[in-house]
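Reader: I'm new to this and keep tripping over the labels people put on structures. Could you walk me through how they are earned?
Author: Sure, let's take them one at a time.

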Amino acid sequence: MKTTNSVDEFAEACEAFRSAVKIEKDLCLLEQQCIADFGLSKSQHVALQQTMRAEGGYAVEALLADPQACVKMITARQQELEAQRIQCESIARALEKTRERRKSAAVDTSMALSILRKQAMKLLEARHGKQRLFGLWNDELERTYAWRRSTLGQLLALAICDADRGCALLKCFFREKEGFGLHVRRGFFVVGEGGLREIRSTEQGDVRQVPSDLSYCEAFESVLTGRAEIVGVAN
């Protein structure tokens, strides 16, 4: 995917990354299941071999007592052992294929993450970079840009650990003009016109509106520190 400054294409990059992560996770779970199945099948195969060796001591006596029944028992055991061997080989092949698919999915996830990072940085520069705002650039814009770049880095890191939540927050981060609601979990203070202003928790279901009740900077810092959560974004 070609990186651009488009918000829509950034959203597509988020979805592509989420999809890649899901595929990789599903394959990891499948690989773990194949490993468990192979271990169980191998254990059953070894146990059957041990049973046949233990029964071998009685084979001579059984053969003399009832040759036909003894032959049937030995044949049945051999067929069971062969079936178990075939099952082990089948699971081993499935495990190998799953591992290859998982490795390929990991590469796809890495590429999707790289594209997402590039899209995010291009979008940040296009909106808040010095090149775009060169004629208006001042210390305040420099501080705002530094905060946005730092926060973007934290959100990208969060997306690696939790793709669904991280991508949801990333899209919200670039959806500046629309605003959003915020549930406050733990109270905190922010600097206001009249000094420190307390932001109380909203356990009763009240929602703080951003940016009218709380600035973007304060909102995202409270989310990243676990003091609040954006409405509609699961923790």
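Reader: Let's start somewhere easy. Where is P211?
Author: P211 sits in the loop between β4 (208-210) and α6. Keep in mind that this is a predicted model.

Reader: What makes the peptide bond from V210 to P211 stand out?
Author: That bond is cis, with omega near 15 degrees. Most peptide bonds are trans.

Reader: Why is F189 called exposed?
Author: Exposed means over 50% relative accessible area. F189 has 53%, so the label fits. As for its place, F189 is in strand β2 (residues 188-192).

Reader: And what makes F189, V191 and L196 a nonpolar patch?
Author: Members of a patch need over 30% relative accessible area and no salt bridge, and nonpolar side chains are joined within 5 Å. F189, V191 and L196 form such a patch on the surface, and together they have about 370 Å² of accessible area.

Reader: How do you know that β2 and strand β3 (residues 195-199) pair?
Author: Pairing takes at least two bridges, and 5 bridges join β2 to β3, so they count as a pair. They run antiparallel. G192 stands opposite G195 in β3, and the two strands form a hairpin with 2 residues between them.

Reader: Which strands does β1 pair with?
Author: β1 is joined to β4 by 3 bridges, running antiparallel, with G181 opposite Q209 in β4. β1 also pairs with β5 in the antiparallel sense, over 3 bridges, and there H183 stands opposite E229.

Reader: Why is β1 called largely enclosed by the rest of the structure?
Author: Buried means under 20% relative accessible area. In β1, 4 of the 5 residues are buried, so the strand is largely enclosed.

Reader: What about the largest nonpolar core: which residues touch the most other members?
Author: Of its 42 residues, those are F17, L116, L170, F180, L182, F220 and I230. Elements giving two or more residues to this core include α1 (7-56), α3 (67-128), α4 (139-161) and β1 (180-184). α4 gives the most, with 7 residues.

Reader: How do you know that F17 is in contact with L116?
Author: Contact means heavy atoms within 4.5 Å, and L116 is on the list for F17. Leaving aside neighbours within four places in sequence, that list also includes T109, A112, L113, A159, I160, A163 and C167.

Conventions:
Residues numbered from 1 in each chain as written. Predicted model: local features only at pLDDT ≥ 70, side-chain atom pairs only at ≥ 80, totals over all residues. Heavy atoms only, no water. Patch = residues over 30% accessible without salt bridge, like charges linked within 9 Å, V, L, I, M, F, W, Y side chains within 5 Å. Areas by Shrake-Rupley, 256 points an atom, 1.4 Å probe, with all protein chains shown as cover. Salt bridge = Lys/Arg side-chain N within 4 Å of Asp/Glu carboxyl O. Buried < 20%, exposed > 50% of the residue type's maximum accessible area, 1.4 Å probe, protein only. Core = buried A, V, L, I, M, F, W, Y, C linked by side-chain atoms within 4.5 Å.
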